[in-house]
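Subject: Structure for you to look at

Hello,

Here is the structure I said I would pass on. Please open it first, and then read the notes underneath.

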Amino acid sequence: ALLLQQSLAEERGDALIGNHPVCLKTEENLTFMGDGGKLSRVLGNLIQNASKYSMDGTRIFLSAFPEEDQVIIECKNTSAYPLDFSPEEILGRFVRGDSARSTEGNGLGLAIAKSYTELCGGRFEILVDGDLFKVSVTI
């Protein structure tokens, strides 16, 4: 929970997050084993990704909760662009959700976040449902 709050605090300085109210829901004293540096990068990437690709004025939902002997961290947002790709396609290196966009980033963010999560023994999943883009990180 603290790592999620810290990652959010680091990104709030970015003007893009200001257009998107963040709804944070987490339980106190959640603990898990993992590389804090790598997981911080994963969470920062998810928050940045949500702020860049969310429809103007919509909320970004961040949550962390226990499930059995694991912690699940979720990031959900409403996309500003049609989500006409599969989760597998968006995890491909150099792929963006908005294929017309060519000026920001290098398209590696979600692929690296998935790799870092897996290096920490976790699972990284993407769900696309209409305009809802949801990433779930299980540690």
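How many cavities of 30 Å³ or more does the structure hold? There are 2 of them. Please keep in mind that this is a predicted model.

My notes cover the second largest cavity and one helix pair.

The second largest cavity encloses about 30 Å³ of space. Its lining is made up of Leu3, Phe32, Leu39, Val42, Leu43, Ile73 and Ile139. By class, that lining has 7 nonpolar residues, with no polar and no charged ones. Helix H2, which spans residues 36–53, contributes the most to this lining, with 3 residues.

H2 is also one half of the helix pair. Its partner is helix H4, residues 109–119, and the two axes come within 9 Å and cross at roughly 150°. Since angles over 145 degrees count as roughly antiparallel, H2 is therefore roughly antiparallel to H4. The crossing of H2 past H4 is left-handed.

Which residues make the contact? On the H2 side they are Lys38, Arg41, Val42, Asn45, Leu46 and Asn49. H4 supplies Gly109, Leu110, Ala113, Tyr116, Thr117 and Leu119. Sorted by class, the contact of H2 with H4 has 6 nonpolar, 4 polar and 2 charged residues.

One residue to look up in the viewer is Val42, which lines the second largest cavity and also takes part in the contact between H2 and H4.

Regards

How values were computed. Residues are numbered from 1 along each chain as its sequence is written. This is a predicted model: local features need pLDDT of at least 70, side-chain atom pairs count only at pLDDT 80 or more; totals for chains, interfaces and linings use all residues. Side-chain values use heavy atoms; hydrogens and water are left out. On a 1 Å grid over the protein atoms alone, a cavity is a set of points where a 1.4 Å probe fits but cannot get out, and a pocket is an open set with protein on both sides within 12 Å along at least five of seven lines; lining residues have an atom within 4 Å of a point. Grid points are joined across faces, edges and corners, and a volume is the space filled by probe spheres set on the points. Helices (H or I, at least four residues) and strands (E, at least two) are DSSP runs, numbered from the N terminus. Ala, Val, Leu, Ile, Met, Phe, Trp, Tyr, Cys and Pro count as nonpolar, Asp, Glu, Lys and Arg as charged, and the others, Gly among them, as polar. Axes are lines fitted to C-alpha atoms, for helices over the stretch in contact, and angles run from 0 to 180 degrees between N-to-C directions. Angles under 35 degrees count as roughly parallel, over 145 as roughly antiparallel, 65 to 115 as roughly perpendicular and the rest as oblique. A crossing is left-handed if the near helix is turned anticlockwise from the far one by less than a right angle, and right-handed if clockwise. Contact means heavy atoms within 4.5 Å.
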